[in-house]
Amino acid sequence: MIKVIILSPSGTIYEGNVTHVTFPGEVGLFSVYPLHAPIISTLVKGDIICYPSDGEKKVISIENGFVEVKKDLATVCVEQALEQNN
């Protein structure tokens with residue numbers, strides 16, 4: 001599992017453990033799985049998709065931001081986010 005924390009100026013948007021997470025990077029979508037190499041990446045307008053082990057994926061639409069991944073922790077800072085129902 002990898003822990004994902006998504007933060008915005010208004011507070012915590014999402015926090016949870018997931019099997020993997022997909023981000024909208026500048027050169028396209030990319031996914032992060034447990035034991036992923038450390039990375040820092042900018043994010044563009046699109047959807048962050050979190051896949052918890054219970055199977056109920058969580059989709060968060062963002063305008064922009066960045067993500068840092070290290071030691072099975074993905075910390076995401078976004079300017080604006082909107083949670084979508086699935």
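**Figure 1. Pairing of β1 with β2 in the predicted model.** The strands β1 and β2 run antiparallel and are joined by 7 bridges. This is a predicted model. Between the two strands of this hairpin lie 2 residues. Within the pairing, I5 has E15 of β2 opposite. In the core listing, β1 spans 2-8 and β2 spans 11-18.

**Figure 2. Pairing of β1 with β9.** The partnership of β1 and β9 is parallel and extends over 5 bridges. Here I6 faces V76 of β9 in the register, the two residues standing opposite each other. Of the 7 residues of β1, 5 are buried, so the strand is largely enclosed by the rest of the structure.

**Figure 3. The salt bridge between K3 and E15.** How many salt bridges are found in a search of the whole structure? The search returns 1. In the salt bridge of K3 and E15, the side chains meet with an N to O distance of 3.1 Å. The pair connects distant parts of the chain, with K3 in strand β1 and E15 in strand β2, 12 residues apart. K3 is partly exposed because its relative accessible area, 32%, falls between the limits of 20% and 50%. E15 is also classed as partly exposed, at 47% relative accessibility.

**Figure 4. The largest nonpolar core and the surroundings of I6.** The largest nonpolar core contains 19 residues, and I6, F23, I48 and C50 are those with the most contacts inside it. At least two residues of this core come from each of β1 (2-8), β2 (11-18), β3 (20-25), β4 (28-32), β6 (46-51), β7 (58-62), β8 (65-70) and β9 (73-78). In soluble globular proteins, nonpolar side chains tend to be buried together. With neighbours within four places in sequence set aside, the contacts of I6 are G11, T12, I13, Y14, I48, C50, I60, V76 and V78. Among these contacts are I48 and C50, which are also listed with I6 and F23 as having the most contacts inside the core. V76, another contact of I6, is the residue opposite I6 in β9.

**Figure 5. The aromatic pair of F23 and F30.** A search of the whole structure gives 1 aromatic pair. F23 and F30 form this pair, with 5.5 Å from centre to centre and 35 degrees between the planes. The pair is classed as tilted because an angle of 35 degrees is neither under 30 nor over 60. F23 and F30 are both buried. F23 is also one of the residues with the most contacts inside the largest nonpolar core.

**Figure 6. The polar contact between S61 and D47.** The side chains of S61 and D47 are joined by a polar contact of 2.7 Å. S61 is located in strand β7. Is S61 buried or exposed? S61 is buried, because its relative accessible area of 16% is under 20%.

**Figure 7. Positive phi values at K71 and D72.** K71, which is not a glycine, has a positive phi of about 50 degrees. D72, likewise a residue other than glycine, has a positive phi near 60 degrees. K71 is placed in the loop between β8 and β9, and D72 lies in the loop between β8 and β9 as well. K71 counts as exposed because its relative accessibility of 82% is over 50%. D72 is partly exposed, with a relative accessible area of 27%.

Technical notes:
Residues are numbered from 1 along each chain as its sequence is written. This is a predicted model: local features need pLDDT of at least 70, side-chain atom pairs count only at pLDDT 80 or more; totals for chains, interfaces and linings use all residues. Side-chain values use heavy atoms; hydrogens and water are left out. A nonpolar core is a set of buried Ala, Val, Leu, Ile, Met, Phe, Trp, Tyr and Cys residues joined through side-chain atoms within 4.5 Å. Buried means under 20% relative accessible area, exposed over 50%, partly exposed in between (1.4 Å probe, protein chains only). Helices (H or I, at least four residues) and strands (E, at least two) are DSSP runs, numbered from the N terminus. Contact means heavy atoms within 4.5 Å. A polar contact is a pair of N or O atoms within 3.5 Å; within protein, one must be able to donate a hydrogen and the other to accept it, and residues adjacent in sequence count only if both atoms are side-chain atoms. A salt bridge is a side-chain nitrogen of Lys or Arg within 4 Å of a carboxyl oxygen of Asp or Glu. Two strands pair if DSSP finds at least two bridges between them. Rings of Phe, Tyr and Trp (its six-membered ring) pair if their centres lie within 6.5 Å; planes under 30 degrees apart count as stacked, over 60 as edge-to-face and the rest as tilted.
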